[in-house]
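Okay, thanks for squeezing me in. I'll put the structure up and then walk you through a few pieces of it.

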Amino acid sequence: MQYISTRGQAPVLSFDQALLSGLARDGGLFVPEFYPQVSQDELRGMAGKSFQSVAAEIIGRFTQDSFAPEALGAMISQAYSGFRHPAIAPLVQIDSNLFVLELFHGPTLAFKDVAMQLLGRMMDAVLKAKGQRATIVGATSGDTGAAAIEAFAGLEQVDVFILYPHGRVSDVQRRQMTTIDRSNIHTIALEGTFDDAQAIVKGMFNNHSFRDRLQLSGVNSINWARIVAQTVYYFTAASSLGSPHRPVSFAVPTGNFGDILAGYIAKRMGLPVGQLVIGTNANDILARALSGGDYQIRGVMPTSSPSMDIQISSNFERLLFDAYDRDSADICALMANLTQSKHFSIAPKPLERIRSEFCAVCIDEAATKSEMQRTYRDAGYLLDPHTAVGVGAARQTMARQAMAENPSVPMVVLGTAHPAKFPDAVRAATGISPALPAHLSDLLDRKEHFTIVANDQSQIESFIAARSRVVT
């Protein structure tokens, strides 16, 4: 299987090449030339299998030209050996036909661990096999950075530089990044927003001389391997709830669009998915785009769910690519409009296609707090504010289904973070102070290591060039 760019001007790559490249050289995102299919018999065969076994089946369809099955299986086993729940991604029922898929049992208490722990091992294996080093750069709104640092800390083949918006992440999120004292880890507090950090990272990849000299590689969800790894838990959750004998719907708190895109990919592969519900916080660009077809950037409003305080949802480009019949010229035009005028309009036919696959619900700050209160009161279950957005979006969607007398299908909300990552928001809503797991119990006492840098790409590039050990 080979991988092409959404913008049509980059070389076609193998999986391991796309893995190391991250962003395509034309500024686009890599996607597979086709979506491999999973038969109904294969779906039935997943019932009762371990998460690791299903992961090997699903991911192997995308990586078969790059990793032997035995090597992939070993990496998967190692990646999930440190998770705190044997099921890796267990389901918990919180209401009638409403479930939370807990994706926060990894080392940094966020769903990013599910993909990042595997990504780190894949990249290390490819670099060692090629005798190469890489400079990993990433932008984070909170969780990606911690997951990347945890996955790559101490690896000899890579130097890691993570940009996060200074003062715009929770204390726990920040400290999970800044308290790792390893020589290959560099944490940068950017004086700007997440969108600023993401724009700088993309700008560095599009600066080809800098990119080639430092052998840049990316770990944000622009890296296709992240999406592949995230498709797995859609299959395991659906299997637990009776797939393929009945469809299962999913509601996803959405920022950069990668996590819900993985559900779309699973559906394209043959998983019977009912609805894909996009849950946005007050920064509701995706809800507005699906409502009126106009994707228009506005200012970012700080919320209690900071990982979703995003206006440029990078992975939306991958969905647009499919919605526009994989016409890269159309995608280039849309992205040019976004760069020049901070908006673009989705044509009627592609918009209809997107609406046939997704719906979007905005859950503002008051509704987020209310959902945290309701779920704790009624089910005794603590939600972090991001998952609360997903639950709120799920409840609204299920209510509309009931009013329309549609057949009810299970609704799974992706639980993206442990409530202890956002203790202030959880305490304000429920009066409960969630405790950190034992391995992080002293996190707030650990020494921090980070550098505050201006919102300027040239300064960031100088900072990285002075510290990367890549020599070309």
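Before anything else, one cut-off we'll need later on: a residue is buried under 20% relative accessible area, exposed over 50%, and partly exposed in between. And please keep in mind that this is a predicted model.

Right, let's start with Arg326, since that's where the cut-off comes in. Arg326 has a relative accessible area of 25%, so it counts as partly exposed. You'll find Arg326 in the loop between helix 13 and helix 14, the latter being 328–341. Its backbone is worth a look too: phi is positive, about 60°, although Arg326 is not a glycine.

There's another one like that. Asn97 has phi near 65°, again a positive value in a residue other than glycine. Asn97 sits in the loop that runs between strand 3 and strand 4 (98–102).

Now, the sheet. So what is the strand order in this open sheet? Reading across, we get 3-4-14-9-10-13, which is 6 strands with mixed pairing. At the edges are strand 3 (91–95) and strand 13 (358–362), each with pairing on one side only. From one strand to the next, the twist averages 25°. Packed on the sheet is helix 12, residues 285–292, which touches strand 10 and strand 13. The direction of helix 12 makes about 130° with that of strand 13.

Let me zoom in on one pair. Strand 9 (residues 248–253) and strand 10 (residues 273–280) run in the parallel sense, paired over 5 bridges. If you want a spot to click on, Ala251 is opposite Val277 of strand 10.

Go back along the chain a little from there, and in the loop between helix 10 (224–240) and strand 9 you hit Pro244. The peptide bond joining Ser243 and Pro244 is cis, with omega about 5°.

Last stop, a helix pair. Helix 13 (residues 316–323) packs against helix 15 (residues 348–357) at an angle of about 115°, and the axes are 9 Å apart. That angle makes the two helices, 13 and 15, roughly perpendicular. Their crossing is right-handed. Who makes the contact? From helix 13 we have Phe316, Leu319, Leu320, Asp322 and Ala323, and from helix 15 there are Pro350, Arg353 and Ile354. Sorted by type, the contact residues are 6 nonpolar and 2 charged, with no polar ones.

That's my tour, happy to rotate it for anyone.

Methods:
Residues are numbered from 1 along each chain as its sequence is written. This is a predicted model: local features need pLDDT of at least 70, side-chain atom pairs count only at pLDDT 80 or more; totals for chains, interfaces and linings use all residues. Side-chain values use heavy atoms; hydrogens and water are left out. Two strands pair if DSSP finds at least two bridges between them. Helices (H or I, at least four residues) and strands (E, at least two) are DSSP runs, numbered from the N terminus. Axes are lines fitted to C-alpha atoms, for helices over the stretch in contact, and angles run from 0 to 180 degrees between N-to-C directions. Contact means heavy atoms within 4.5 Å. Angles under 35 degrees count as roughly parallel, over 145 as roughly antiparallel, 65 to 115 as roughly perpendicular and the rest as oblique. A crossing is left-handed if the near helix is turned anticlockwise from the far one by less than a right angle, and right-handed if clockwise. Ala, Val, Leu, Ile, Met, Phe, Trp, Tyr, Cys and Pro count as nonpolar, Asp, Glu, Lys and Arg as charged, and the others, Gly among them, as polar. Buried means under 20% relative accessible area, exposed over 50%, partly exposed in between (1.4 Å probe, protein chains only).
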